[in-house]
Amino acid sequence: MEKVMNILKPKPNPQQLLRDWQRRLRQECRNIERQIRDIQREEKNVQKAIREAAKRNDMGSAKALAKELVRSRKTVNRLYENKAQMNSISMHLGESVAIARTVGHLSKSAEVMKLVNNLMKAPEMAVTMQEFSKEMTKAGVIEEIVNDAIDTALDSEDIEDEIEEEVDKVLTAIAGETAAQLPEAVRKERVKLPGQSVGAEEEVIAEGVDDEEEMEEIRARLAKVRS
């Protein structure tokens, strides 16, 4: 019975398909904007934690946090690229519908196919764009796309050197600025930890444990908003 209903159900015209696709693309763009805002909001907390780590002369924690900050900024850049490509898809779909008014049906678009294929490789967009790909293939806008591997370059060892370079820049801009703001006597005191009394050492260790827990919590929150 369901098959019969599907046969009898009128097929959506090109204008209806376009409106539906563009509406969903706009929604995805809004989702991206929300994710970017969440990441950037969390980045402020990370920057604050880097400054605090620098004040404690805990450059190990500062560097670990700086690396997370660099990865987040790369994620934001990729999200902006995803949004731009979705806007391009919407524009090209509009052109396809304009042509369809003349020829009576939607024609294949190599540009839309290229953009959809690119977005299918982005981890954040893979599932959504697979759905779009199926619908657009069925409507005759694109050809069936062979699902390539999702791009995981953000976590690849190939960019570790690049990340390390960016980390140094972040530390210079954030932690370096903080260290420079400390009084000279305090900066000298920070490097004299081995000569502290036993009680002072225990206090530093206890503080380090709390700081480590706080750092892990910050890193976890940042990873969550990036995903």
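## A tour of the helices and three buried residues

A search of the whole structure finds zero aromatic pairs, where Phe, Tyr and Trp rings (for Trp, the six-membered ring) would pair if their centres lay within 6.5 Å, with planes under 30 degrees apart counted as stacked, over 60 as edge-to-face and the rest as tilted. The model is predicted, so local features need pLDDT of at least 70 and side-chain atom pairs count only at pLDDT 80 or more, while totals for chains, interfaces and linings use all residues. Residues are numbered from 1 along each chain as its sequence is written, and side-chain values use heavy atoms, leaving out hydrogens and water.

Select first helix α2 (residues 14-55) and helix α5 (residues 126-139), whose axes come within 12 Å and cross at roughly 170°. Helices here are DSSP runs of H or I with at least four residues, numbered from the N terminus, and the axes are lines fitted to C-alpha atoms over the stretch in contact, with angles running from 0 to 180 degrees between N-to-C directions. The two helices α2 and α5 are therefore roughly antiparallel, a label given to angles over 145 degrees.

Next, show the side chains where they meet: L17, W21, R24, L25 and E28 of α2 face T128, E131, F132, E135, M136 and A139 of α5 in this contact, contact meaning heavy atoms within 4.5 Å. These residues divide into six nonpolar, one polar and four charged, with Ala, Val, Leu, Ile, Met, Phe, Trp, Tyr, Cys and Pro taken as nonpolar, Asp, Glu, Lys and Arg as charged, and the others, Gly among them, as polar.

Within that set, select R24 and F132: the charged end of R24 sits over the ring of F132, 4.4 Å from its centre, a description that requires NZ of Lys or CZ of Arg within 6 Å of the ring centre and within 35 degrees of the ring normal.

Now move along helix α2 to A54, which counts as buried at 6% relative accessibility (buried is under 20% relative accessible area, exposed over 50% and partly exposed in between, with a 1.4 Å probe and protein chains only). The C-alpha atoms of A54 and L171 are separated by 8.9 Å, although the two are 117 residues apart along the chain.

L171 also leads to A62, which is in contact with I50, A53 and L171, leaving aside neighbours within four places in sequence. A62 has its place in helix α3 and is buried, with a relative accessible area of 0%.

Finally, select Q85 in helix α3 (residues 59-103), also buried, with a relative accessible area of 18%. Not counting residues up to four places away in sequence, Q85 touches L115, N118 and L119.

Notes. Parallel < 35°, antiparallel > 145°, perpendicular 65-115°, else oblique.
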